[in-house]
Amino acid sequence: MYDYIIVGAGAAGCVLANRLSARSKTSVLLLEAGEDGEKRDVSVPLAWSTLQGSELDWQFDSDAQMGLNGRVVPQPRGKGLGGSSLINAMMFVMGHPADFDRWAALGNPGWDFASMRPHYETVREMMRPALVSHQVAVEKAFLEAAANAGYPMQDRFEEGKQEGFGRYLANIRKGKRYSAAEAYLKPAIYRSNLTIRTGVHVMNLLFKDDRIAGVRYFKDDEVREVKVNKEIILCAGACQSPQILLLSGLGPTEHLRRFGVPVRRHLPGVGENLQDHPLVLLPYRSKNVDTLIASRDLKKMLPFFFGRGPLTTNATAVGGFLRSGEGLTAPDLQFVFVPGLRPEWPGEGFGVAVELLTPDSRGRVMLKSTDALDPPRISPCYLEAPSDVERLLRGVKIAHQLTQVEPLSRHTVEPIVEIQDDFDDDAWVTLIRQLAETGYHPVGTCKMGPADDLQAVVDGQCRVHGLERVRVVDASIMPTIPRGNTHVPTMMIAERVAKMVLEDEG
Ligand SMILES: Cc1cc2nc3c(=O)[nH]c(=O)nc-3n(C[C@H](O)[C@H](O)[C@H](O)COP(=O)(O)OP(=O)(O)OC[C@H]3O[C@@H](n4cnc5c(N)ncnc54)[C@H](O)[C@@H]3O)c2cc1C
């Protein structure tokens, strides 16, 4: 019997495991379906995208997306100690202050930016992000083009200063990935009151009468159970926390009945409100400039062992944030410059990725079956809202224009995908629907909100509405998606709830 059982050792789970086990009298069990991430080398920043499809990735797929011509979109999710922070692109972005103020305005007092700022400071202190030290010539050309185009420039994107073009901070230390597990779990790993079990797939919550009693899990071909003394904290991420709730009979009655799951509590919002940033990457052939392809020479790789050189960049080190139109409170478009090409496009080149930060489309996560080992059904509904298409269209045009501005224009040979000089909006939209993919940021499927919001799954302390002894604390509780990457906001949420739990304990 443990005081707290944390399900999922991802970005949020690592923070909570550290903070709750800091009290030596509190016993904490951390259950993770994947293995210890250290068994595979995740440390090389440049290789992050090659981890997709590996044993560290759940390798989920979306269902056919109507807004993307019926395409199925891969949905990578990290598996192992560190969760998605093991395989992510390491970009350290807080989101805009307005994102947190919006959460508070939606009926969640205490989640405004002024209140969340201390948690940002703590996360920053723990993760110690830095600018990527290895800069490639084509990245400099991109930033100069942005300046020449008249956009505001920033030295670096720090809290609140998220407008214009500049350099991103990254979770890269001494040239290597610094995951949530490195920062939060490693220092706690030898505490005698923290038990970490890997290879444990949690299936559902256990009840005794109407009270949460523990979890049922699958390990080594056997179904087992473990009891809890105080609370279960679900940190399985935006795709799997709702799946565990649904398999426990907590969700929309109709959906549960369809799968023959006995309904414990009708919670219509479980799995709903899925939001992700749709991303369009425009690839170009380049000439006469250093790109990462140009540095694929073995000799240039060797400095990695001393924390330097091309392998130490995440290849997403520069970019920007802009508003798609007038009258917006904050930027709704993000640009990420990629100083090389994916393997499917051999040769020299670069890419400009555009993400829509405040999509109006809402999707859902549902059950595919009642087998807990089956993936959930993920339906992000990308670009189903016409307003999303309109704004992404503006972003894609800006990205393409930037490749035609000095000095980047000197190095731009041609787009690799079909883009014509006389493209009208319809032609651009056709291209966008062909190219759009995930920005890797699913959130919102167990959203936080007051009890009178019927779609809210958890309250302002992340406790599941109407139940005792169970919280959800991960990216799924975000009522709306932040204007930026989601790793830091997820850790901020976990820091905040850890404090609440410890305060409740007295
Ligand atoms: C390829 C990729 C690139 C990304 N790039 C960036 C980036 O550069 N910057 C950024 O800010 N964000 C990035 N993100 C997003 C960021 O990593 C996530 O938003 C963040 O990790 C979410 O944290 P979480 O705790 O909600 O979930 P996760 O970190 O995904 O953790 C969930 C954990 O729960 C475990 N789990 C799931 N189900 C079960 C179960 N049934 N039983 C036991 N364990 C279970 C999983 O194995 C996993 O370890 C990226 C994500 C991906 C996938």
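Two residues are in contact if their C-beta atoms, placed from the backbone, lie within 7 Å. Keep that cut-off at hand for the exercises below, and remember that this is a predicted model.

**Exercise 1. Find out what surrounds helix H1 (residues 11–21), and whether this helix is enclosed or open.**

*Step 1.* Start with burial: a residue counts as buried if 20 or more other C-beta atoms lie within 10 Å of its own.

*Step 2.* Go through the helix. The buried residues in H1 include Ala-11, Gly-13, Cys-14, Leu-16, Asn-18, Arg-19 and Ser-21.

*Step 3.* Take the count. Eleven of the eleven residues of H1 are buried, so the helix is largely enclosed by the rest of the structure.

*Step 4.* Now look for the partners. The buried residues of H1 pack against strands E1 (2–7), E2 (28–31), E12 (194–197) and E15 (222–234), and also against helices H5 (180–185) and H12.

**Exercise 2. Describe the largest nonpolar core and say where it lies relative to domain 1 and domain 2.**

*Step 1.* Begin with its members. This core has 146 residues, and Ile-5, Val-7, Leu-16 and Val-473 touch the most other members.

*Step 2.* Ask which element gives the largest share: helix H12 (residues 487–505) does, with eight residues.

*Step 3.* Compare the domains. Domain 1 (1–48 + 77–131 + 176–272 + 442–506) and domain 2 (133–167 + 278–356 + 384–435) both give residues to the core, so it lies between them.

*Step 4.* Zoom in on Val-7. Leaving aside neighbours within four places in sequence, Val-7 is in contact with several residues, among them Leu-31, Val-202, Ile-232 and Ile-244.

*Step 5.* Apart from this core lies another, of five residues, including Val-42, Leu-51, Leu-86 and Ile-87.

**Exercise 3. Work out the strand order in the open sheet of three strands, and name its edges.**

*Step 1.* The order is E5-E9-E6, with antiparallel pairing.

*Step 2.* Strand E5 (91–92) and strand E6 (130–131) each pair on one side only, and these are the edge strands.

*Step 3.* Check one pairing: E6 and strand E9 (residues 169–170) are joined by two bridges. In one of these strands, E9, Leu-169 is the bridge partner of Leu-131.

**Exercise 4. Does the radius of gyration of the protein chain agree or disagree with that of a compact globule?**

*Step 1.* For 506 residues, a compact globule would have a radius of gyration near 23 Å.

*Step 2.* The protein chain has 22 Å, which agrees.

*Step 3.* Add the burial: buried residues make up 53% of the 506 residues.

Notes
Residues are numbered from 1 along each chain as its sequence is written. This is a predicted model: local features need pLDDT of at least 70, side-chain atom pairs count only at pLDDT 80 or more; totals for chains, interfaces and linings use all residues. The radius of gyration is taken over C-alpha atoms; the globule rule is 2.2 Å times the number of residues to the power 0.38. A residue is buried if 20 or more other C-beta atoms lie within 10 Å of its own, exposed if 12 or fewer, and partly exposed in between; C-beta atoms are placed from the backbone. A nonpolar core is a set of buried Ala, Val, Leu, Ile, Met, Phe, Trp, Tyr and Cys residues joined through C-beta atoms within 7 Å. Helices (H or I, at least four residues) and strands (E, at least two) are DSSP runs, numbered from the N terminus. Domain bounds come from an automatic or database domain assignment. Two strands pair if DSSP finds at least two bridges between them.
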